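Got your viewer open? Load the model, keep the selection box handy, and let's take a walk through it.

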Amino acid sequence: MLANRLLLRTESGIRSWAVRLWPLLMLSVFVILLAIIQYGTPHLADNDGYYHMKMGQLIREQGLHINFIWLPMSVLNAQAFYDHHLLYHVYLALFVGDGSPVALLNGAKSAAILMPAMAFTAIWWLLRSREVPWATAWALGLCAISEAFLFRMSVPRAQSASLLVLVLATHVLFTRRYVLLLPLGFIYVWLYNAFPLILALVAAEACAALVTERRINWRAPLYTIIGIALGLVINPYFPADITFIIHHLLPKIGQPETSVGNEWYPYETWRLVENSGASLTLLVLGVFGLGWSGRRFDRITLTSFLLMLLFGIMLLKARRFIEYFPPFALIFAALTVGPLLYEWYTQRKTLAMSSDRFDQAAVWFRRLIPFGIALALGTMLFLSISSSRETMSGTRQSATFAESSEWLRTNTPEGSMVFQTDWDDFPRLFFYNTHNVYLIGLDPTYMQIYDPELYADWVDMTRGKVDNPGASIRDRYGAQYVISDLTHTDFMRKAKNDPLMHEVHRDQYAVVYQIDPKP
């Protein structure tokens, strides 16, 4: 009797420790899978990652409020600058090491592995809290349903942190612990300027509650709005944060003539099917599961459906929202197919007690299904991770602009303006050289809104449409130095024929010109 009690206690203790350690195990698995993708290249997956990591270093040196002087001819000039990724930059500050370029690159990779791993673990936790059968397998599916999603999650940008906050907010909504939306709303404002998405979550849950329970949920919107308002007002950059939000968001939604980056344009249909076909299949699977079970929408299921639908529409509008649709499609499919899996397990136990040969054959067939699921999941994981790793291997060299930036740093006056021929060269120039300031960067709208005429003339010059551009670059833009990558051949041809412009440095990535001063 005593031995049995000891055995039972031992088994209970083992289960207890397994439950406690399982989240850490899931996090570790996601870290390993994401590291396989991340280290498909020694470089960073995206230009903006260089800017974000440098900002992390500056926060380590200057504190939360940075004196940002590097884009004086944009809405991010020193008087109006707002760090709309503030908490993410604080997070990156933990990984800067000794501040050398090598340490910053390694730190950026570590940060870009850990943050999405935490977001994926939070999704597993959400599914487990809803008692979804095989929650671990569903969560691992996050690494199998979209190559484009995995690549975006591997970029050292705030999207993965944004997903983490949205998943936590979804759990809060499911459990009706609405007061927690106040700190989440506050944190989201400081983290990323996509914070209006949390209002979309709250609206979806409010609609679901109204439809399924015939009640108006006012607490969730109230707490969320209070949290967002506090985050905007109690902010190191207030009131510049309000002005920036207007400048940053309106061009994307209300001014189609304004220039935006490629990520704001949609995928071609077949390209979306190729890189995210499994997540589209989950949408169909979720709807099928709901119909097969014969259940009506409840509040949680309808909320997850509305969120999936919202992020699906956003993805059709702009490819940058690929970081939201696949995980919420998986959550919806898990919640709707989950009850079918539970019913299937119950039916198998009943059949196991039958003596009928047909029933026994059905039992053995059902026992083979988990192995089939494991094989399919493993195959999809291998293909998706391999594809993402291959995409990662094609990223631009981290050494781009390193040598030319060093030349500018050592041969130009501190604070002197550098004219670039491409707006998205700024992150790398800024990463290697904060000695100079730059004409345009991060988003073309920032200069276009600041001065539309100057922006239009810059576009014409960089495309080689202006003869002898040196005088205009010097007099209108205040720049005596020009840097260009070697692909802007039309501009380089004009520069070569301009008597005021002289090539002073060239390497395998870029060329630097110096313009004669005014006589």
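How many bridges join strand S3 to S5? Select residues 479-485 for S3, then add S5 at residues 510-515. Five bridges join these two strands, which run antiparallel. Two strands are said to pair if DSSP finds at least two bridges between them. Strands here are DSSP runs of E with at least two residues, helices are runs of H or I with at least four, and both are numbered from the N terminus.

A word on what you're looking at before moving on. This is a predicted model, so local features need pLDDT of at least 70 and side-chain atom pairs count only at pLDDT 80 or more, while totals for chains, interfaces and linings use all residues. Residues are numbered from 1 along each chain as its sequence is written, and side-chain values use heavy atoms, with hydrogens and water left out.

**Stop 1: the sheet**

Stay with S5 and click on valine 511: serine 484 stands opposite this residue. Now add S4, residues 501-506. S4 and S5 also pair antiparallel, over five bridges, and a hairpin of three residues joins S4 to S5. Look for histidine 505, which sits opposite valine 512 in S5. Arginine 506 has valine 511 of S5 as its bridge partner.

Zoom out a bit to see the whole sheet. Five strands make up an open sheet in the order S2-S1-S3-S5-S4, with mixed pairing. S2 (437-438) and S4 are at the edges with a single partner strand each, so one side of each has no neighbour in the sheet.

Is S5 largely enclosed or largely open? Five of its six residues are buried, so S5 is largely enclosed by the rest of the structure. Buried means under 20% relative accessible area, exposed means over 50%, and partly exposed is in between (1.4 Å probe, protein chains only). While side chains are on display, remember that in a regular strand they alternate between the two faces of the sheet.

**Stop 2: just before S3**

Select helix H20, residues 470-477. Its buried residues are Gly470, Ser472, Ile473, Arg474 and Tyr477. Just after H20 comes glycine 478, with a positive phi of about 70°.

**Stop 3: tyrosine 178 and two helices**

Next, select tyrosine 178, in the loop between helix H7 (159-175) and helix H8 (181-191). Tyrosine 178 counts as buried because its relative accessibility is 3%. Show what surrounds this residue: leaving out residues up to four places away in sequence, tyrosine 178 touches a list that includes Glu205, Arg215, Tyr223 and Arg299. Touching, or contact, means heavy atoms within 4.5 Å.

Which side chain makes a polar contact with the side chain of tyrosine 178? That's asparagine 217, at 3.3 Å. A polar contact is a pair of N or O atoms within 3.5 Å; within protein, one must be able to donate a hydrogen and the other to accept it, and residues adjacent in sequence count only if both atoms are side-chain atoms. Try a distance label too: the C-alpha atoms of tyrosine 178 and alanine 220 are 5.2 Å apart, although 42 residues separate them along the chain.

Now add H8 and helix H10, residues 219-233. They pack at an angle of about 35°, with axes 7 Å apart. (Axes are lines fitted to C-alpha atoms, for helices over the stretch in contact, and angles run from 0 to 180 degrees between N-to-C directions.) Among the residues that meet here are Leu182, Phe186 and Trp190 in H8, and Tyr223, Ile226 and Leu230 in H10. An α-helix has 3.6 residues a turn, so residues three or four places apart point the same way.

**Stop 4: leucine 92 and asparagine 77**

Jump to leucine 92 in helix H3, residues 86-93. With a relative accessible area of 0%, leucine 92 is buried. Neighbours within four places aside, leucine 92 is in contact with His52, Met53, Gly56 and Ala111.

Finish at asparagine 77, in the loop between helix H2 (48-62) and H3. Asparagine 77 is buried too, at 12% relative accessible area. Follow the side chain of asparagine 77 and you'll reach the backbone oxygen of serine 74 at 2.8 Å. Not counting residues up to four places away, asparagine 77 touches Phe68, Leu71, Pro72 and Tyr450.
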